[in-house]
Amino acid sequence: MTVLIIGGSGFLGTELVRQAASAGTPVAATFATRPSNIPQVAWHALDLRDPTASRPSWPR
C-alpha cells in the first residue's frame, strides 16, 4: 500500500515522508512550490489553495 502525504515538502510533511520512506513504505507526496530531495518518493504538484487543482480529471 502506498502512503499519500499531503504537504510532503512542508516542515511536518518532510519528516513523515522521510520516516515512511526509510521504513520501506512506498510514498507519494504533494508539494505546492518544490519537491523535497528525498529519493524514491513519487512527488506530485498540488496547491490546495487553487480550487481547480484538486478537481478530478475524469468525466463524471
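**Partly exposed and buried positions in a predicted β-α-β-β chain**

Ile-6 counts as partly exposed because its relative accessibility is 48%, a value between the 20% and 50% cut-offs. The model is predicted. Ile-6 sits in the loop that runs between β1 (3–5) and α1 (11–22). Together with Leu-4 and Leu-48, Ile-6 makes a nonpolar surface patch of about 310 Å². Ile-6 also touches Thr-30.

The protein chain holds one helix and three strands. Along the sequence, these elements follow the pattern β-α-β-β. The chain has 60 residues, and 23% of them are buried. The exposed area of the chain is about 4600 Å². Carbon and sulfur atoms supply 58% of that area. Contacts were also sorted by sequence separation. Of those between residues at least 6 apart in sequence, 30% join residues at least 24 apart.

The interior was examined next. The largest nonpolar core has nine residues. Its members are Ile-5, Val-17, Ala-20, Val-27, Ala-29, Phe-31, Ile-38, Val-41 and Trp-43. At least two residues of this core come from each of α1, β2 and β3. Strand β2 gives the most, with three residues.

Val-41, one of the core residues, lies in strand β3. Val-41 has a relative accessible area of 13% and is therefore buried, the limit for that class being under 20%. Beyond its neighbours within four places in sequence, Val-41 is in contact with Val-17, Ala-21, Val-27 and Ala-29. Three of these partners, Val-17, Val-27 and Ala-29, are also listed in the core. For the pair Val-41 and Ala-21, the C-alpha to C-alpha distance is 7.3 Å. These two residues are 20 apart in sequence.

Phe-31 and Trp-43 are both core members. Both are buried. They form an aromatic pair, and the count of such pairs comes to one. In this pair Phe-31 and Trp-43 are edge-to-face, with 6.4 Å centre to centre and 70° between the planes. The pair links distant parts of the chain. Phe-31 is in strand β2 and Trp-43 in strand β3, twelve residues apart. The edge-to-face label follows because planes over 60 degrees apart fall in that class. Leaving aside neighbours within four places in sequence, Phe-31 is in contact with Ser-9, Trp-43, His-44, Ala-45 and Leu-46.

Thr-30 is placed in strand β2. Its relative accessible area is 6%, so Thr-30 is buried. Residues up to four places away in sequence were set aside for its contacts. Thr-30 then touches Leu-4, Ile-5, Ile-6, Gly-7, Gly-8 and Ser-9, and also Trp-43, His-44 and Leu-46. Among these partners, Ser-9, Trp-43, His-44 and Leu-46 are also in contact with Phe-31. Leu-4 and Ile-6, two other partners of Thr-30, belong to the nonpolar surface patch. Ile-5, a further partner of Thr-30, is a member of the largest nonpolar core.

Charged pairs were considered separately. The count comes to two salt bridges. One joins Arg-18 and Glu-15, with the closest N and O atoms 2.5 Å apart. Arg-18 and Glu-15 both lie in helix α1. They are three residues apart, about one turn of the helix. Arg-18 is partly exposed, because its relative accessible area is 41%. Glu-15 is partly exposed as well, at 30%. The other salt bridge joins Arg-49 and Asp-47, with the closest N and O atoms 2.8 Å apart. Arg-49 has a relative accessible area of 69% and so is exposed. Asp-47 is partly exposed, with a value of 24%.

A backbone feature was found at Gln-40. This residue has a positive phi of about 60° although it is not a glycine. Gln-40 is placed in the loop between β2 (27–31) and β3 (41–45). Gln-40 counts as exposed because its relative accessibility is 76%, and the class begins over 50%. Next in sequence is Val-41, the buried residue of strand β3.

Key
Residues are numbered from 1 along each chain as its sequence is written. This is a predicted model: local features need pLDDT of at least 70, side-chain atom pairs count only at pLDDT 80 or more; totals for chains, interfaces and linings use all residues. Side-chain values use heavy atoms; hydrogens and water are left out. Helices (H or I, at least four residues) and strands (E, at least two) are DSSP runs, numbered from the N terminus. Buried means under 20% relative accessible area, exposed over 50%, partly exposed in between (1.4 Å probe, protein chains only). Rings of Phe, Tyr and Trp (its six-membered ring) pair if their centres lie within 6.5 Å; planes under 30 degrees apart count as stacked, over 60 as edge-to-face and the rest as tilted. Contact means heavy atoms within 4.5 Å. Accessible areas come from the Shrake-Rupley method with a 1.4 Å probe; for residues, only the protein chains shown count as cover. Patches are made of residues with over 30% relative accessible area and no salt bridge: like charges are joined within 9 Å, nonpolar side chains (Val, Leu, Ile, Met, Phe, Trp, Tyr) within 5 Å. A salt bridge is a side-chain nitrogen of Lys or Arg within 4 Å of a carboxyl oxygen of Asp or Glu. A nonpolar core is a set of buried Ala, Val, Leu, Ile, Met, Phe, Trp, Tyr and Cys residues joined through side-chain atoms within 4.5 Å.
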